[in-house]
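Reader: I would like a close look at one part of this structure, the place where helices pack together. Please go through it slowly and explain the terms.

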Amino acid sequence: MEDNNVIIEVRNAKKIYKMGQERIKAVDGISFTVKKGEFCCLLGTSGSGKSTLLNLMAGIEKLTDGDVFIKGQSIRKMSENKLSRFRQDNLGFVFQSYNLLGSMTALENVELPLVFKKVPAAKRRRMARGILKKVGLSERMNHKPKEMSGGQQQRVGIARAFVARPEVVFADEPTGNLDSKTTIEVMDLIKAMAAKNSQTIVMVTHDVSLAAYADKIIRIKDGHIESIEENCRKDLTEQKGDQSDEDI
């Protein structure tokens, strides 16, 4: 990469699925860059290819052609072991379905990425407690997912994604299962935590109102880029009124 400020480069990315004799082009020759600390939104309707694109960027799915570079390193050229280590060291994930382990408490779920990074037990427990307090779950640390609301579970998911301070956080429809009030709370939390630590966010959504949180909006349609809007974050505070920042 020539621009030192670029943390992600997607270069002619393609993903083709074979369905019998048919070839489905889910992602068809997409190229763009994301800068360090940028909040980038992949916006599109269901079936547009936006989630597939996110999975290609994160190395969850394999590219048919093209490449993705994160911090100058080719995702496509990495072995499975190297890719796994790279994700542990650099990437965080927030999912629509929370993806929490039901047998574990909130604290144990948040500790998990730190276990994989071999952080000593006492330190990881301290880090997990600290970030759960920041997301407003001081009283829920020892609760299991089934004992929490959807909004609380997603806050655990956010804490887990951010606890190791990854440089890039991928978020796939992070508010898809939440009501409108909780959606705003969760989006404010993601934005504030990323801004505080200069982290890069790549978020998939079909909701135009959520795209307003982003610095860059990439509209995806039928596997192609329809448009790219930059420097487009709007000040949402007037829309939402005064809200407490005590949990951030």
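Author: What follows is a walk through two helix contacts and the core they belong to.

This is a predicted model, in which local features need pLDDT of at least 70, side-chain atom pairs count only at pLDDT 80 or more, and totals for chains, interfaces and linings use all residues. Residues are numbered from 1 along each chain as its sequence is written, and side-chain values use heavy atoms, with hydrogens and water left out.

Two packed helices are described by the angle between their axes and the distance between the axes. Axes are lines fitted to C-alpha atoms, for helices over the stretch in contact, and angles run from 0 to 180 degrees between N-to-C directions. Helices (H or I, at least four residues) and strands (E, at least two) are DSSP runs, numbered from the N terminus.

Take helix α3 (residues 106–116) and helix α5 (residues 150–162): their axes are 7 Å apart, at an angle of about 25°. That makes α3 roughly parallel to α5, a term for angles under 35 degrees. On the α3 side the contact (heavy atoms within 4.5 Å) is made by A106, N109, V110 and P113, and on the α5 side by V156, A159 and R160. By class, this contact of α3 with α5 has five nonpolar, one polar and one charged residues; Ala, Val, Leu, Ile, Met, Phe, Trp, Tyr, Cys and Pro count as nonpolar, Asp, Glu, Lys and Arg as charged, and the others, Gly among them, as polar.

Helix α5 also packs with α6: the two axes come within 10 Å and cross at roughly 10°. That makes α5 roughly parallel to α6. Here G151, Q154, R155, I158 and F162 of α5 meet T182, E185, V186, L189, I190, M193 and A194 of α6. The contact of α5 with α6 divides into seven nonpolar, three polar and two charged residues.

Now the core. A nonpolar core is a set of buried Ala, Val, Leu, Ile, Met, Phe, Trp, Tyr and Cys residues joined through side-chain atoms within 4.5 Å, where buried means under 20% relative accessible area (1.4 Å probe, protein chains only). The largest one has 40 residues, and L132 and F162 have the most contacts inside it. Among the elements that each supply at least two residues of this core are α3, α4 (121–134), α5 and α6 (180–196). Helix α6 gives the most, with six residues. Leaving aside neighbours within four places in sequence, L132 is in contact with A106, L107, V110, L137, S138, M141, V156 and A159.

How values were computed: Parallel < 35°, antiparallel > 145°, perpendicular 65-115°, else oblique. Buried < 20%, exposed > 50% of the residue type's maximum accessible area, 1.4 Å probe, protein only.
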